[in-house]
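Please examine the sequence and the model displayed below. The paragraphs after it lead through the fold, its strand pairings and some local details.

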Amino acid sequence: MITIIVLWILLGIIAVIVILLHFSITAQIDLNKKGFDLRVRYMFFDIYPRKPKKKKQKRSKKAELPEDSFDDFEEFEDNIEESLPVPQTDDTPDKTGEVSEQIIEAKPEKIEKNEADENVSVTGAEDKPEKITVKQEKKGFAGKLFHKKDKGEKNPVSKSKEKKKSKFYELKAQYKKVKPYIPMGWKYFKKLLKAIRFTDTRIVLDVGKEDAYEAAMLYGKVQAGLFNTIAILAGVFTVKLKKADVNCIFDEKKFGYDVHTLVRVRPSTLIAIGFCTGVNFLKIYLSGRRKKKRAAKRRSKELAAKKNEVKATN
C-alpha cells in the first residue's frame, strides 16, 4: 500500500514538471527610434529586466552627551598633564657625528678603486683586436646576393615547416575522430533552430526622399531586401508574420522603422533534442569502438597466420 502511494506521488511530481516545462519562455523585442527594448518572461514571472530592490536606509543614531561631561573631560586632561614625568636630559655626547665622519672618510677609497677598475677595463678593450668571422661578412642583403653557397653544404629542413606539418597532421587526426558526429549534429542543430518561434511579428518601414525617382528606387530596394531576409529567416526558424509594410514618402527625406516580435522556446523541446543527440552520439561512439576491436582482431589473426607460414617453411 505504501509503495503504491509513493508511486502515485512520484507520478504526480513528474506530471507537474512536464506541464511546467511545456510552457514556453517568451522574449519580447521592440525596435524603433526610441531604442531597443528586451523583456524575457516565463509564465507569469519576469526574468529580465528585474525590478530593482529598494535599499533600506539605515538611520544613524547619534548619542547625545550631557553638557556636564565636557567639564569632567577637561579636569581629566589637567590631571594627566600633572601626573606625567619630566624628561631627564643626559650630557652624553652624540655619537652620530663620529659615525657620519667615518662614512665620509671611507667613501673616497671606494671611488678611487672603482675608477682604477674602469681604466683597466677600457685599456683591455682597446688592446683586443676585433675578430671578423666569415658569418659576419655574409650578413645583409648584399652578402645574400653575391656570396654563393659551397658545394658540400646542404639546406637543413626548417623547424617551422616541421611544426606546420605536425599541426596539420594533428588537425587531420582530430577531424577524423569528429567526422562521424558531424551529420547527426547538423541534423539536430537544424531541429533546434526550428524550435525557436518568431510569433506576432510586425515590421513597418517608412522610406522617403525629396526626388520622386530616387524615392521609388529606394522603396523597391528596401522592399526587396526586407522580404528576402524574412524568407531566409523563415527557412531557418519558425516565423509567423503578422504585418510587413514599407511606406514610401515622396516629399521628404526620411527613414523610420518599427519592429515588434515575440521569440518563444519550449524548455521541453530543448531537453528532448538534447537527449536525442546524446543517445545518437553514444550509438556512433559504440559502433566505432566495435569496428576498432574487429579490426584489431583481424590484424592479430593475420599476424598469427603469417607466423605459422614462416614456421612451416622453416
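The account below moves from the overall fold to the strands, and then to individual side chains and backbone features.

The coordinates are those of a predicted model. The chain comprises 314 residues, of which 11% are buried. Its secondary structure consists of nine helices and six strands. Among contacts with a separation of 6 or more, 75% are made by residues 24 or more positions apart.

Two stretches of the chain carry an annotation from UniProt. The unreviewed entry assigns the label "transmembrane region" to residues 5-25 and 270-288. In the model, residues 5-25 are 86% helix and 5% strand, and the C-alpha atoms at the two ends of this span are 33 Å apart. Residues 270-288 are 100% helix with 0% strand, and their end C-alpha atoms are separated by 27 Å.

The strand pairings may be followed from the N-terminal side. Strand β1, residues 25-32, runs antiparallel to strand β2, residues 35-42, and eight bridges join them. Two residues lie between β1 and β2, and the two strands form a hairpin. Within this pairing, T26 is placed opposite R41 of β2. Strand β1 also pairs with strand β6, residues 254-265, in the antiparallel sense and over eight bridges. Here D30 faces H260 of β6. Strand β1 therefore has both β2 and β6 as partners, given that two strands count as paired when at least two bridges are found between them.

A parallel pairing is found elsewhere in the chain. Strand β4, residues 197-208, and strand β5, residues 238-249, run parallel and are joined by ten bridges. V204 has D245 in β5 as its bridge partner. Between these strands the chain passes through helix α8, residues 212-236, giving a β-α-β crossover that is right-handed.

Which residues of β4 and β5 are linked by a salt bridge across distant parts of the chain? D200 forms a salt bridge with K242, with 3.5 Å between the closest N and O atoms. D200 belongs to strand β4 and K242 to strand β5, and the two are 42 residues apart. D200 also forms a salt bridge with R202, in which the closest N and O atoms are 3.8 Å apart. Through shared partners, D200, R202 and K242 are joined into one network. The members of this network vary in accessibility: D200 has a relative accessible area of 23% and is therefore partly exposed. R202, at 34%, likewise counts as partly exposed, whereas K242, at 61%, counts as exposed.

In total, the structure contains four salt bridges. Another of them involves R41, the residue that stands opposite T26 in the hairpin pairing. R41 forms a salt bridge with D46, and their closest N and O atoms are 3.1 Å apart. Both side chains fall in the intermediate accessibility class, because R41 has a relative accessibility of 37% and D46 one of 45%.

Cysteines offer a further point of inspection. A disulfide is a covalent bond between the sulfur atoms of two cysteines. A search of the whole structure returns zero disulfides. Among the cysteines, C248 is partly exposed at 24% relative accessibility, and C276 is partly exposed at 33%.

The backbone itself shows several features that merit attention. Most residues other than glycine have a negative phi, and most peptide bonds are trans. How is the peptide bond from Y48 to P49 arranged, cis or trans? This bond is cis, with omega near -5°. P49 is located in the loop between β3, residues 45-48, and α2, residues 68-83.

Positive phi values occur at M43 and at D200. M43 is not a glycine, yet its phi is near 60°. This residue lies in the loop between β2 and β3. With a relative accessible area of 28%, M43 is partly exposed. D200 is also not a glycine, and its phi is positive at about 55°. In contrast to the loop position of M43, D200 is found in strand β4. D200 thus combines a positive phi with salt bridges to R202 and K242, and its 23% relative accessibility places it in the partly exposed class.

Notes:
Residues numbered from 1 in each chain as written. Predicted model: local features only at pLDDT ≥ 70, side-chain atom pairs only at ≥ 80, totals over all residues. Heavy atoms only, no water. Helix = DSSP H or I, 4+ residues; strand = E, 2+ residues; numbered from the N terminus. Right-handed = clockwise from strand over helix to strand, strands pointing away. Salt bridge = Lys/Arg side-chain N within 4 Å of Asp/Glu carboxyl O. Buried < 20%, exposed > 50% of the residue type's maximum accessible area, 1.4 Å probe, protein only. UniProt positions renumbered as here; feature names shortened; annotations may be inferred. Disulfide = S-S within 2.5 Å. Contact = heavy atoms within 4.5 Å.
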